[in-house]
Amino acid sequence: MRKLIATVFNYSLDGLLADQDTDFWKFCFGLPENSRPDDPAHLEFLRGAYAHVMGRTTYEGTSEAMMSSPGHPFSELLTSGRKVVFSRTMRTAEWANTTIAAGDTTEEIDRLRQGGDGYIIVWGGVRLWHSLMQRDLLDELRVSMFPYVAGEGTRLFDGVPKSYELELISSAPSSSGIVELRYRRPR
């Protein structure tokens, strides 16, 4: 059974995501990890995914960015990779290799998990993360914690279960002070 791994990037010390056009957003995208994302291990992680799962808003922003920036390090691997968008309002998807999942979230995830080893990367958005956490479907959470107190932005963990235990797998700092945290959900 494939693991479901949520990736949370651009996350501040005070628990906020970098919303577009905020000072925190500008800070995040001024760092080399975001302006030139070429870490070989991270690219291999993305390349090795069975599928990339997104909510509608994340899909729209990511597809637009990748289709308009073919030289971006993520562009080719995401365009050629399998993508599943969770949306009850989308009817068509322009980005190659994209399927729309409009049914029951648990059933859709269970179908993706079947058939072998490997992993599925969940890119977001927040409502999708909340839904997966409430249903206890995530196996792993990877958080990129930036050295920044944002003061404004979207809270990731509002509206999730009151008790959600995680075990630290690893932590690694970058030269820019970003700490990559990996947690697993004990089963």
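Select Leu166 in this predicted model. Leu166 is partly exposed, and its relative accessible area is 30%. The residue sits in the loop that runs between strand 8 (154–155) and strand 9 (167–173). Now show its contacts. Leaving aside neighbours within four places in sequence, Leu166 is in contact with Leu141, Tyr183, Arg184, Arg185 and Pro186. For a sense of scale, add Asp21 to the selection. Asp21 is 145 residues from Leu166 along the chain, and the C-alpha atoms of the two are separated by 31 Å.

**Strands 9 and 10**

Next, select strand 9 together with strand 10 (residues 179–184). In which sense do strand 9 and strand 10 pair, and over how many bridges? The pairing is antiparallel, with 6 bridges. To see one bridge, pick Ser170 and look across to strand 10, where Arg182 is its partner. Then move to the turn of this hairpin. There are 5 residues between the strands, and Gly177 takes a positive phi near 95 degrees.

**Helix 3**

Select residues 40–47, which make up helix 3. Which residues of helix 3 are buried? They are Leu43, Phe45 and Leu46. These residues lie on the same side of helix 3, because they cover an arc of only 155 degrees around the axis. Turn to the other side of the helix, and Pro40 and Ala41 are exposed there.

Go back to the buried side and show what surrounds it. The buried residues of helix 3 pack against strand 1 (3–11), strand 3 (51–55), helix 5 (75–80), strand 6 (119–124) and strand 7 (140–145).

Stay on helix 3 and show the side chains of Glu44 and Arg47. They meet in a salt bridge, with an N to O distance of 3.1 Å. The two residues are 3 apart in helix 3, which means that about one helical turn separates them. Glu44 is partly exposed at 46% relative accessible area, and Arg47 is also partly exposed, at 49%.

**More salt bridges**

The whole structure contains 11 salt bridges. For another one, select Glu108 and Arg111, whose side chains meet at 3.4 Å, N to O. Both residues lie in helix 6, 3 residues apart, or about one turn of the helix. Is each of these two residues buried or exposed? Glu108 counts as buried, at 16% relative accessibility, whereas Arg111 is exposed, at 52%.

Now select Glu140 and Arg142. They form a salt bridge in which the closest N and O atoms are 2.7 Å apart. Glu140 counts as buried, with 4% relative accessibility. Then select Arg113, Asp136, Asp139, Arg185 and Arg187 together, since salt bridges that share partners join these residues into one network.

**The nonpolar cores**

Hide the charged side chains and look inside. The largest nonpolar core has 27 residues. Select Leu4, Val8, Val53, Val122, Leu132 and Leu138, the members that touch the most others in this core. The elements that give two or more residues to the core are strand 1, strand 3, strand 4 (83–86), helix 6 (105–113), strand 6, helix 7 and strand 7.

Zoom in on Leu132. Not counting residues up to four places away in sequence, Leu132 touches Leu4, Thr105, Ile109, Val122, Leu137 and Leu138. Another core lies apart from the largest one: it has 17 residues, including Leu43, Phe74, Leu78 and Val85.

**Helix 7**

Select residues 126–134, which form helix 7, and find His130 there. His130 is buried, with a relative accessible area of 14%. Apart from residues up to four places away in sequence, His130 touches Arg155, Leu156, Phe157, Asp158 and Val160.

**Aromatic pairs**

The last stop is the aromatic rings, of which the structure holds 9 pairs. Select Tyr11 and Phe157: this pair is edge-to-face, 6.1 Å centre to centre, with 85 degrees between the planes. The pair links distant parts of the chain, as Tyr11 is in strand 1 and Phe157, 146 residues away, is in the loop between strand 8 and strand 9. Tyr11 is buried at 6% relative accessible area, while Phe157 is partly exposed at 33%.

Finally, select Phe24 and Phe146, another edge-to-face pair, at 6.2 Å centre to centre and 80 degrees between the planes. Phe24 lies in helix 1 (residues 23–30), and Phe146 lies in the loop between strand 7 and strand 8. Phe24 counts as buried, at 1% relative accessibility, and Phe146 is buried too, at 3%. Add Phe27 and Tyr148 to this selection to see one aromatic cluster of Phe24, Phe27, Phe146 and Tyr148.

Note on methods. Residues numbered from 1 in each chain as written. Predicted model: local features only at pLDDT ≥ 70, side-chain atom pairs only at ≥ 80, totals over all residues. Heavy atoms only, no water. Buried < 20%, exposed > 50% of the residue type's maximum accessible area, 1.4 Å probe, protein only. Helix = DSSP H or I, 4+ residues; strand = E, 2+ residues; numbered from the N terminus. Arc of directions from axis to C-beta. Contact = heavy atoms within 4.5 Å. Core = buried A, V, L, I, M, F, W, Y, C linked by side-chain atoms within 4.5 Å. Pairing = 2+ DSSP bridges. Salt bridge = Lys/Arg side-chain N within 4 Å of Asp/Glu carboxyl O. Phe/Tyr/Trp six-rings, centres within 6.5 Å; stacked < 30°, edge-to-face > 60°.
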